[in-house]
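Visitor: Hello! Could you walk me through this one, starting with its empty spaces?
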Amino acid sequence: MMEKSSISFLETNYNDIKSRFDAAVKKSGRKDGEVILLAATKTVAPEIINEAIKLGITHIGENRVQEFLSKNDEVTKNVTRHFIGHLQTNKVKDIVGKVSMIESVHSLKLAREIGKCSEKIGTVTDVLIEINIGGEESKSGFSPDEIDAAIDEMSAIRGIRIRGLMCIPPICEKSEQVKEYFNRMRKLFVDIGLKKRDNVTMEFLSMGMSSDFEDAIECGSNLVRVGTALFGKRN
Ligand SMILES: *Cc1c(COP(=O)(O)O)cnc(C)c1O
C-alpha cells in the first residue's frame, strides 16, 4: 500500500508544477491545452503513477522497455503513453502497438525497425526524431547537420509517421545557455516543417525537463517531460 504522505507530497508537487507550467504557457502566448505536460515515470511505482493521473496527468513516458512492460498493466488505461528512453532495435517489437509515440528515434536503423514491426501488426507508429543538440559524445540522436538527409530517408519508411523533434540538451548552469540550445531546436523544427515531405509533419517539439521546462516553453516547446519535480528524487 502507498503511504498517505507520498500522496500528499505528490499532490503538493503537482500543484506547484502545474501552476508554473500554466503560467509559462500563458506567458509564451499559447492557450491551455497547446502544451503537453508529460510525467517521466521511470522508477515510479504504478500506484503513484495512477495517483498522478488522478491529479490531472494525461501523458506519461517510460525509459526502459522492461520497466514499461512490467508496469503497463497496472497503470490506468486512459492515459497517453510515450516511450522516451534509449531504445535498442531488438526491443522495438515488444513496445510497438503499446505506446502512442516513440519520442527517441536516434538512428535510421531504429526508424526502419519501428516501421517494420508496425507494418507487421497493421499499425503506424508516431515518432519524434531525437536531436543531439549539444553534439555530446555521451548522447544519442542525429546531429543538426545530418538531420535533413536523414529525414529524407525516413519519410520513405512505411509504418512510421514523423511528427516532430525531441532533445535532451547538455546540462547548463545558466538559463541563458540552455535557451541557446532550445532556440536552435526551435529553428530546426521550423526549417524542417517548411519542407513538405510524405509522412513528415512538425507538430511536437519535445524539450524541457524538471530544471528547465519553463525556459523550454518560452523557446517554443509544446511537450515537456517532467520527472523529479513531480515524483521527487530517484534513488
Ligand atoms: C528522466 C527523463 C526526463 C525527466 O527528467 P527530470 O529531470 O527528472 O525531470 C525527461 N526526459 C527523459 C528522456 C528522461 O529520461
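Guide: Gladly. A cavity here is a set of grid points where a 1.4 Å probe fits but cannot get out. Do keep in mind that the model is predicted.

Visitor: How many cavities of 30 Å³ or more does the structure hold?
Guide: The count takes in cavities of 30 Å³ or more. By that cut-off, the number of cavities in the structure is one.

Visitor: Which helix supplies the largest share of the lining of the largest cavity?
Guide: About 40 Å³ of space lies in this cavity, and its lining includes Ile49, Ile60, Phe68 and Arg81. Strand S2 (59-62) and H3 each give at least two lining residues. The largest share, three residues, comes from H3.

Visitor: How do the residues of that lining divide into nonpolar, polar and charged?
Guide: Ile49, Glu62, Lys71, Asn72 and Val75 are among the residues to sort here. Asn counts as polar, while Glu and Lys count as charged. The lining divides into four nonpolar, one polar and three charged residues.

Visitor: Moving on, how much space lies in the largest pocket?
Guide: A pocket, unlike a cavity, is an open set of points. This one is lined by 38 residues, with Lys42, Asn63, Ile168, Met209 and Arg234 nearest its centre. Helix H3 (65-72), helix H7 (175-194) and strand S8 (223-226) each supply at least two of the lining residues. The space in the largest pocket is about 930 Å³.

Visitor: Which residues have side chains with an N or O atom close to the ligand's oxygen or nitrogen atoms?
Guide: A polar side-chain atom of Lys42 lies 2.7 Å from a ligand oxygen. For Asn63, a side-chain N or O atom is 2.6 Å from an oxygen atom of the ligand, and for Arg225 one is 2.8 Å from a ligand nitrogen. So, with a polar contact being a pair of N or O atoms within 3.5 Å, the names are Lys42, Asn63 and Arg225.

Visitor: What percentage of the ligand's exposed area does the protein bury?
Guide: The ligand has Ala40, Ile84, Met209, Gly227 and Thr228 among the residues surrounding it. Taken alone, the ligand exposes 380 Å². Of that area, the protein buries 89%.

Visitor: And helix H2: how many of its 10 residues are buried?
Guide: Helix H2 spans residues 46-55, and buried means under 20% relative accessible area. Pro46, Ile48, Ile49, Asn50, Glu51, Ala52 and Ile53 are its buried residues. Helix H2 is thus mostly covered, and the number buried is seven.

How values were computed:
Residues are numbered from 1 along each chain as its sequence is written. This is a predicted model: local features need pLDDT of at least 70, side-chain atom pairs count only at pLDDT 80 or more; totals for chains, interfaces and linings use all residues. Side-chain values use heavy atoms; hydrogens and water are left out. Buried means under 20% relative accessible area, exposed over 50%, partly exposed in between (1.4 Å probe, protein chains only). Helices (H or I, at least four residues) and strands (E, at least two) are DSSP runs, numbered from the N terminus. On a 1 Å grid over the protein atoms alone, a cavity is a set of points where a 1.4 Å probe fits but cannot get out, and a pocket is an open set with protein on both sides within 12 Å along at least five of seven lines; lining residues have an atom within 4 Å of a point. Grid points are joined across faces, edges and corners, and a volume is the space filled by probe spheres set on the points. A residue is near a molecule or strand if one of its heavy atoms lies within 4 Å of it. A polar contact is a pair of N or O atoms within 3.5 Å; within protein, one must be able to donate a hydrogen and the other to accept it, and residues adjacent in sequence count only if both atoms are side-chain atoms. Accessible areas come from the Shrake-Rupley method with a 1.4 Å probe; for residues, only the protein chains shown count as cover.
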